[in-house]
Amino acid sequence: MWNAVLAAAIAVGVTAGCSSGKNESEPSASGSASASESGSAAPEAAANLFGWTPPAETTVIDFYQGDRDNPDKVARNTEKIHRYILDNFNVDLKKTVYDVDPKERLNLMLASGDYPEVIVAMDGDNVSKWNAQGKIFDLAPLVDQYGPNIKKALGDKYKSYLDKDGKLLGIPRGWGLLPITDFSAHIRLDWYQEMGSPPIETPEDYYNVLKQMVAAHPTNAQGEKVYALSWNDQIKINNVMGIWGLKDGYKEDANHNLTHWVNTDEGMEAARYYNRFYREGLLDPDLFINKFDDWKIKFTNERIVGHIGLWWQSWDAGHEMWRTTLPDYKDNMRYVQIALKAPGAEKAYLSPKDTTGWNYTVLTDKVKNPEAIIKFFDFMMSPMGTRLMGWGVPNLEDSGWNYESGGVWSFNETQKQALLNGTFDYDHFEQLGGNAYWIVHGQGLLEDDGKSTAWYDQNFNGEDKWKKTMNDNLKDTIYDNTARRIVFAADNPFTLVNEQVEDMVTDGFAKAVISKTEEDFVSNFNELREKANKLGLHDLEKYRTEEYKKQLALLNE
Amino acid sequence: MQNLMRRIVRERQIWIMAVPMIAWVLVFSYYPMYGMIISFQNYVPGNSFFSGDWVGFAHFERFFSSPDFLQVMRNTLAMSGLNILFGLPAPLILALLLNELRNKTFKRVTQTLSYIPYFISWVVVASILFTLLGSDGLLNRLLLDFGMIKDPISFLGEGKYFWTIITASNIWKDIGFNSIIYLSALASIDRELLDAGKVDGISRFGTVWHIYLPGIRTTIILLWILGIGGILNAGFEQQLLLGSPTTSDYSEVVDTYVYKYGVQLGYYSFASAVNLLKAVVSVVLVLSMNRIAKKLFDTSIV
């Protein structure tokens, strides 16, 4: 008997031991550390400095943002703006991000049913998928009632965001046209000037200059090998193809028929171009392994003389780092952005612009107080709301801008001058919360003055020597790509084909680039072409063409 | 039935102690298995498991006819095969070597050091491998310094090295920990057999061959059967962390494939079908190996 009692006691002990683990919450960048108690009552407030009347009860906007980001960094950068918005608007913005693939996170959220009331940065495919499950809240009636600024900001295009039933499933973010460049080739200016600044117009010119630069600087100060070009996980193959006249990875004929780069001679030439660098030992052998940070270290350590990628990457990893670390730093120790155009290409299509926006902010079926949320969204989409959300906390010594009341604002001259003379501290500025909550505001020029934009540092492009040089060099490389947006819904048979093809193309391009001989290159490229077409690339091209033509017709109406 | 009840009453202390474990297995291992029915449906995330359209074996057929099928199976079997071929005997050899050490302090220190890699996460191991094997890594620098190569070799960027790197890192990580089971089996060998061997003048190699290995045969067979059963478990984290677009032809295995289509892309039914297929193959392999072992060595686990 006692044995049985003892055994039962051990069993209970084991069970208790098994369940004593602490239920730790998952990492998040919730701003709740500095937030007041959600839902706590506050006295009825009058209109605030921005003319917006804060709610009597704190509006809590608890959201997951579908961008891969570092939760600690996000928490740091949202702290001040969170406090400012809570104090002045009685709105508690609780942002959660994860350092994982957002697609993966959203799928798990949908499958588990564990998701917040607001999701920011959801792409069109996911909006469609979530809507099919009845998880998305229709915003149209609320926008009709509480969203005059939303309607005004989106203007005639508002209707294009409604689905066939007239429902507004999501409010776009990053919408509007900001006519500045994104993508280009880069050249290190001081070394380029050393060479006598030979003209660079074609990929061949660029290759020759980079090759000579590597010959002149074969190793860096630490004796490490220098390469002409590298790659990182933020570079998109489709943008590279723009140099050969392809638009976002597709060749477009006069009748708007689209052909994927894999099935074009231009695509092959682009891959061959990189392969040539590889075969001559001019390409970083770790190019397809590099994460952005790995690439940045190599770049900062002066091991990569050229770059084909986003404009800010060579700023971030180049002179922004050098000016604080190199004692003999000079102003021309930097990269300038240049346009390359392959012979025969009609134009270099480097920066596709989709004025629809990057993605959407949706309210899920768990939303408790949608009216209050829409009211704040409406403020955020107003010009002053966009300035506040884009430029961060105003009226501090280190703020980028000052705001009085009644719409009167000005840039902080000290910060502006710091930007123009290259001493601007981006890291410190980020902590004021500029664009830390990019929930619904656009990136185009604001309608009240026709020149401000939510990107603080882009407001002075005309006065900034280097930005002006970049924009002048690249002004003909921007194009409107709005009509090419396609939503691959969950029940669309091309959704899986598209994902499989994109996956295969990424891997196949990499394999072609690191081919050891011309024969290997041709064989690898043809194998990629054959496999992709076998997977259904030709059908995908047809489908994209049809959708593109439909969109063009709609936009031209 | 009466016999069973009598037996349970007789062994009640053991059964009571086993209740939490049985409950654990039932709740966490058997109960979730009903979810495998989505392999035969077009399951939509967020809905009930019983609400999807039934599609029979369509997802299985799609996997078999997919261009990925042969490549994924080849990679899985190759990496698992290498792991069984080299990873199974490696801890046995280490255990035999440790068993032969006479200096107890040295033996304990060596044994403890050999366990350490097992407790290092794959994320850290991947970082170590990038540092060692990257183009600017230690290995390339040594090869360059000794004039053995002209240009650095992209060990982690070329598919042909991938299986070797995975196999070697698996062995490095697990050899110490996996040797524990062999060491305990070696410790249970009757000392009288060893003494008898000494009297007969048997050498140290002879002791290993004629006494130790036959003495731990059951353990070896058990681990071999389990190893064969897990042949489709070629790893997951290591492939995910060390794989890249240039090595994908060699790095994609069943588990990463399931992860990609299930968790990343949201095709849960398709991913479940592939995983179910893997589980069925594993069970069949375990039972087959068990039968073979019983026939050949009169030893089995079931």
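Two residues are in contact if their C-beta atoms, placed from the backbone, lie within 7 Å. The legends below refer to a predicted model.

**View 1. A:Leu283 in the largest nonpolar core.** The largest nonpolar core holds 76 residues. A:Leu283 is among the four that touch the most other members, together with A:Leu210, A:Ala228 and A:Leu229. Leaving aside residues up to four places away in sequence, A:Leu283 touches A:Tyr227, A:Ala228 and A:Leu229, and also A:Tyr274, A:Phe277 and A:Tyr278. Two of these partners, A:Ala228 and A:Leu229, are thus in the group with the most contacts to other members. Apart from this core lies another one, of 55 residues. Its members include A:Leu168, A:Ile373, A:Phe379 and A:Ala436.

**View 2. The loop around A:Asn395.** A:Asn395 sits in the loop of chain A between helix H14 (383-391) and strand E12 (401-403). Its phi is near 70°, a positive value in a residue other than glycine. Most residues other than glycine have a negative phi. A:Asn395 counts as partly exposed because 13 other C-beta atoms lie within 10 Å, where a count of 12 or fewer would make a residue exposed.

**View 3. The loop around A:Asn435.** In chain A, the loop between helix H16 (426-430) and helix H17 (465-474) contains A:Asn435. This residue is not a glycine, yet its phi is positive, at about 60°. With 18 other C-beta atoms within 10 Å, A:Asn435 is partly exposed, since a buried residue needs 20 or more.

**View 4. Chain B as a whole.** Chain B contains 16 helices and two strands. The C-alpha trace of chain B spans about 80 × 75 × 35 Å along its principal axes. Chain B has 302 residues, of which 28% count as buried. Among the contacts in chain B with a separation of 6 or more, 68% join residues 24 or more positions apart.

**View 5. The side of chain B that touches chain A.** The contact between the two chains takes in 29 residues of chain B and 35 residues of chain A. On the chain B side, helix H2 (12-30) and helix H15 (254-264) each supply at least two residues. The largest share of that side, six residues, comes from H2(B). By residue class, the side of chain B that touches chain A divides into 14 nonpolar, 12 polar and three charged residues.

How values were computed
Residues numbered from 1 in each chain as written. Chains lettered and ligands numbered in written order. Predicted model: local features only at pLDDT ≥ 70, side-chain atom pairs only at ≥ 80, totals over all residues. Core = buried A, V, L, I, M, F, W, Y, C linked by C-beta atoms within 7 Å. Helix = DSSP H or I, 4+ residues; strand = E, 2+ residues; numbered from the N terminus. Nonpolar A, V, L, I, M, F, W, Y, C, P; charged D, E, K, R; others polar.
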